[in-house]
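User: I'd like to go through this structure with you, starting at the surface and then working inwards. Could you take it step by step?

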Amino acid sequence: MTGDSGGAVETLLMTLAVIAASLSAGCLVRRVVGESGEPALAALRRRMQLVALFGCMPLSAMLSLWGLPAPDVRLLALPALGVASWAAGGLFALLAARLLRLDRRQTGSMFCCGTFTNIGALGGLVSVLYLGEGSIALVALYRLCEDFYYFGVGLPVARRYGAEAATPETGRRKGRVLAGGPVLAGVLAALALGVLLNWQGVPRPAWCGPLASGTMLLATVLFLTAVGMSLRLSRVGLYTRQWMSVAAIKFCCTPAVVCSLGWWAGLGAVDGGLPLKTVLIVSCMPVAMNALVPPSLYHLDLDMANTCWLCTTAALIVILPLLLLALPCI
């Protein structure tokens, strides 16, 4: 028992260390480069995000799906649970905005923060460190419809609460970039390849397991370092009610809904409860980094979105130990 406790503490400390070190490294780079190097820094951030998004994350998901030992039909509930979590978060956010009497711009930002969840980077990282490499494929299935939802529901709803950037043509051009095919095509191709290799019974080499975990960790480091490079601590104190409401949605309301649905779908009886444990982790993640894109694009309250992202991410210091205590109960 002592050894298990020691391992759990080490896992928790490693998770927090990866998050803190990555953000700190990005902030340090920004400080060293200064304002004069902002264009070069922006280009570097974009390259890092592209490598993580198009390289590391699809590769990790493909390798993990390839190694699934015995697919269970009940796992088909995972994509539906993902959609349910994003929809519930968005609806709770709109309700909170109404109760707080927010204006249209802040309501749009509140919706983005409620519905956009950091599954791919932080959710994947915590799942790997807490549950092992087998959870990567489950996270991939959970977020299978993520791009469909974000581009088909999230962005259009956010747009209703703001205005397109600069000119209609600029807005349309940026919208095409956001809703273009590379992200969706890359992720779906990786998932399809992993499933195909699994169904065909092609044996997966032993080194693919560590590679899947390693690429997921690398993607997280790249994403968080890029965020650290752009982080500005401003006006945080003006949005206390808003970020606390978003935190309640992210860490209480949405997980309660999604985990209840997952239990009802029978995921607790699959593979020792691994799918349900994975659902608990990914449904408790903070505001996603891409929640900062619509407020910028559609002239919503970007300072509020930044504050909600920063404060809910910092809240992981409390949430991660609680998750570590809750997982053995499933």
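User: Which residues make the nonpolar surface patch?

Analyst: Bearing in mind that this is a predicted model, the nonpolar patch is made by I317, V318, L322 and L325, and it covers about 430 Å².

User: Where does I317 sit, and is it buried or exposed?

Analyst: I317 belongs to helix 15, which spans residues 316–326, and it counts as exposed because its relative accessibility is 57%, where over 50% is needed.

User: Switching topic, how many aromatic pairs does the structure hold?

Analyst: There are two aromatic pairs in the structure. In one of them, the rings of W86 and Y142 have centres 6.3 Å apart and planes at 80°, so this pair is edge-to-face, the class for angles over 60 degrees.

User: Which helices do W86 and Y142 come from?

Analyst: W86 lies in helix 3 (residues 77–100) and Y142 in helix 6 (residues 134–142), so the pair ties together parts of the chain that are 56 residues apart in sequence. As for their surroundings, W86 is buried with a relative accessible area of 0%, and Y142 is buried as well, with a relative accessible area of 1%.

User: And what is the geometry of W86 with Y149?

Analyst: The ring centres of W86 and Y149 are 5.7 Å apart and the planes are at 35°, so this pair is tilted, since the angle falls between the 30 degrees limit for stacked and the 60 for edge-to-face. This pair also links distant parts of the chain, as W86 is in helix 3 while Y149 is in helix 7 (residues 146–160), 63 residues apart. Y149 has a relative accessibility of 9% and therefore counts as buried. Through these ring pairs, W86, Y142 and Y149 are linked into a cluster.

User: Back to helix 6 for a second, why is it called largely enclosed?

Analyst: Helix 6 is largely enclosed by the rest of the structure because eight of its nine residues are buried. The buried residues of helix 6 are S135, I136, A137, L138, V139, A140, L141 and Y142.

User: Now for charges: how many salt bridges does a search of the whole structure find?

Analyst: The search finds one salt bridge, formed by R143 with E146, whose closest N and O atoms are 2.6 Å apart.

User: Are R143 and E146 buried or exposed?

Analyst: Both R143 and E146 are buried.

Methods. Residues numbered from 1 in each chain as written. Predicted model: local features only at pLDDT ≥ 70, side-chain atom pairs only at ≥ 80, totals over all residues. Heavy atoms only, no water. Phe/Tyr/Trp six-rings, centres within 6.5 Å; stacked < 30°, edge-to-face > 60°. Helix = DSSP H or I, 4+ residues; strand = E, 2+ residues; numbered from the N terminus. Buried < 20%, exposed > 50% of the residue type's maximum accessible area, 1.4 Å probe, protein only. Patch = residues over 30% accessible without salt bridge, like charges linked within 9 Å, V, L, I, M, F, W, Y side chains within 5 Å. Areas by Shrake-Rupley, 256 points an atom, 1.4 Å probe, with all protein chains shown as cover. Salt bridge = Lys/Arg side-chain N within 4 Å of Asp/Glu carboxyl O.
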